[in-house]
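Okay, thanks everyone, I'll keep this short. I want to walk through the ligand sites and then one helix contact, so have a look at the screen.

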Amino acid sequence: MIKQIPFTITLLITFGVFFYTIARIISFFRLTRKGFPVRDFGKRFFIMMKVAFGQTKIFRKPVIGFLHAMVFWGFCVILLGSLEMVIDGLAGTEKVLKFLGPVHNVIMASGDIFALIVALSIIIFLSRRLFFNISRFEGIEMKKRSHRDANISLSLILFLMISLMTMNLGYVGYQQTAGGSIHGAYPVGHMLVSIFPAFTAESYNVIFEASWWSHILLIFFFANYLPYSKHFHVFMSVPNVFLSRLEPLGKLTTMDSITREVNLMLDPSTAYTAAPADAPVERFGVKDAEDVIWKNYFDSLSCTECGRCTSVCPANITGKKLSPRKIMMDLRARMKEKGPLMVKNGRDYNDNRSLLRDFISEEELWACTTCNACAKECPININHPSLIIDMRRYLVLEEASAPGELKAVFSNIENNGAPWQYSAEDRLLWAKDLEMNVN
Ligand code: SF4
Ligand code: SF4
């Protein structure tokens, strides 16, 4: 009971704060547009197993990819052990899943081994960030706060793993010295006990209890810290991969608003069904956070800021201002800024700022070649070009704003039915003097 009451209170507070955060995020999703219907669940499940759980895209960088995959798989295994801790904390039991026998042994042993592997991987990740100049982690969008956030999250994971290892050390040491039976297998725990054999049973027990509480409190804190950090991808990346775009990457989606307008022109009798008189005037394309479809916002919350997209972007590589990672980070930042105000004052709230220009410049948008290298490289299948194109659509359709070369193309299409400046009658002039055998 001594343990159960404070544990239950802490768990309730954790869930309370967590659900408050999730409700807040859902209210921001409500501000976004519909679109991106989710079908083909079988295909999506296959992609999720391959890309998210198989970590296939991560392995394109073999060494660091392998370490990242270890951390991901380690998290999945350790999660099972954490579940047992929560049940133990609530029920006042000890190793409640021990009835699973050999399965319990496997879960405990893999958690114990992965704790060491994850800790070593995190030390390598932290060292890279702190002592090496990795160009992928730099860029105009990577402010001090981004680096600090990454370092805090990595440090928290490291402490989580250390507390898990010391917990197993305390458990194995205590059971061995007090003559109790050990439930589960703990190879690393046994190894650590052989390194620190001089403790009394009492001391081992203190180590166990202190580590148990540190570990579980860190989990609770981490779960609530994640939604406010780039490491929110711990929760978001698997569903985001499940929600991957299934069409070929280069395929442009049609705009419902334009389709509706065209249908109205072709058949005005559809006016009442297509757009009721009191329907709000819809904006063409994306100017601000509320104009994006929910999937764009989902993408932005899932972004790990790893910079793999920017590192392959031809525009960025050739010195242009565009960074696909920044596009995702800017959408997230803009929604964080305007979302609460729209929730409070209504969706039409105007703070005289917008995603376009105050966050993302026209120069960045027009620098994109729509090559889709960013979307192909992203380990969690984020699609940047779809948002970039929708922002360009706003510029062209609502502001008639486009680079001079494009404006010439547009007027040629309008006047000549082709992108060139020659009239349709002159199109075959180049063949006039050619001798052609038509037989
Ligand atoms: S699609 Fe655009 S943003 Fe993505 S890599 Fe190509 S140029 Fe860069
Ligand atoms: S969009 Fe994808 S590749 Fe780019 S930084 Fe985010 S997670 Fe990494």
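Let's start with ligand 2: the space it takes is the second largest cavity. Keep in mind throughout that this is a predicted model. So who sits around ligand 2? There's a run of Cys303, Thr304, Glu305, Cys306, Gly307, Arg308 and Cys309, and then Arg325, Cys378, Pro379, Ile382 and His384 fill out the list. Sorted by class, that shell comes to 6 nonpolar, 3 polar and 3 charged residues.

Now over to ligand 1, whose space is the largest cavity. Which elements give two or more residues to its shell? Those are helix H17, residues 373–377, and helix H18, residues 384–399. Around ligand 1 we have 13 residues, and the closest are Cys313, Cys368, Cys371, Asn372 and Cys374. By class, the ligand 1 shell has 10 nonpolar and 3 polar residues, with no charged ones.

Last bit: H18 again, this time with H14, which covers residues 324–345. In general, you describe two packed helices by the angle between their axes and the distance between those axes. Here, the axes of H14 and H18 come within 10 Å and cross at roughly 70 degrees. An angle of 65 to 115 degrees counts as roughly perpendicular, and therefore that's what we call H14 and H18.

And which residues make the contact? On the H14 side you've got Pro324, Ile327, Met328 and Leu331, and they meet His384, Leu387 and Ile388 in H18. That contact splits into 6 nonpolar residues, 1 polar and no charged. You may remember His384 from earlier, as one of the residues around ligand 2. That's me done, happy to scroll back through anything.

How values were computed
Residues are numbered from 1 along each chain as its sequence is written. Chains are lettered from A and ligands numbered from 1 in the order in which they are written. This is a predicted model: local features need pLDDT of at least 70, side-chain atom pairs count only at pLDDT 80 or more; totals for chains, interfaces and linings use all residues. Side-chain values use heavy atoms; hydrogens and water are left out. A residue is near a molecule or strand if one of its heavy atoms lies within 4 Å of it. On a 1 Å grid over the protein atoms alone, a cavity is a set of points where a 1.4 Å probe fits but cannot get out, and a pocket is an open set with protein on both sides within 12 Å along at least five of seven lines; lining residues have an atom within 4 Å of a point. A molecule sits in a cavity or pocket if more than half of its atoms lie within 2 Å of its grid points. Ala, Val, Leu, Ile, Met, Phe, Trp, Tyr, Cys and Pro count as nonpolar, Asp, Glu, Lys and Arg as charged, and the others, Gly among them, as polar. Helices (H or I, at least four residues) and strands (E, at least two) are DSSP runs, numbered from the N terminus. Axes are lines fitted to C-alpha atoms, for helices over the stretch in contact, and angles run from 0 to 180 degrees between N-to-C directions. Angles under 35 degrees count as roughly parallel, over 145 as roughly antiparallel, 65 to 115 as roughly perpendicular and the rest as oblique. Contact means heavy atoms within 4.5 Å.
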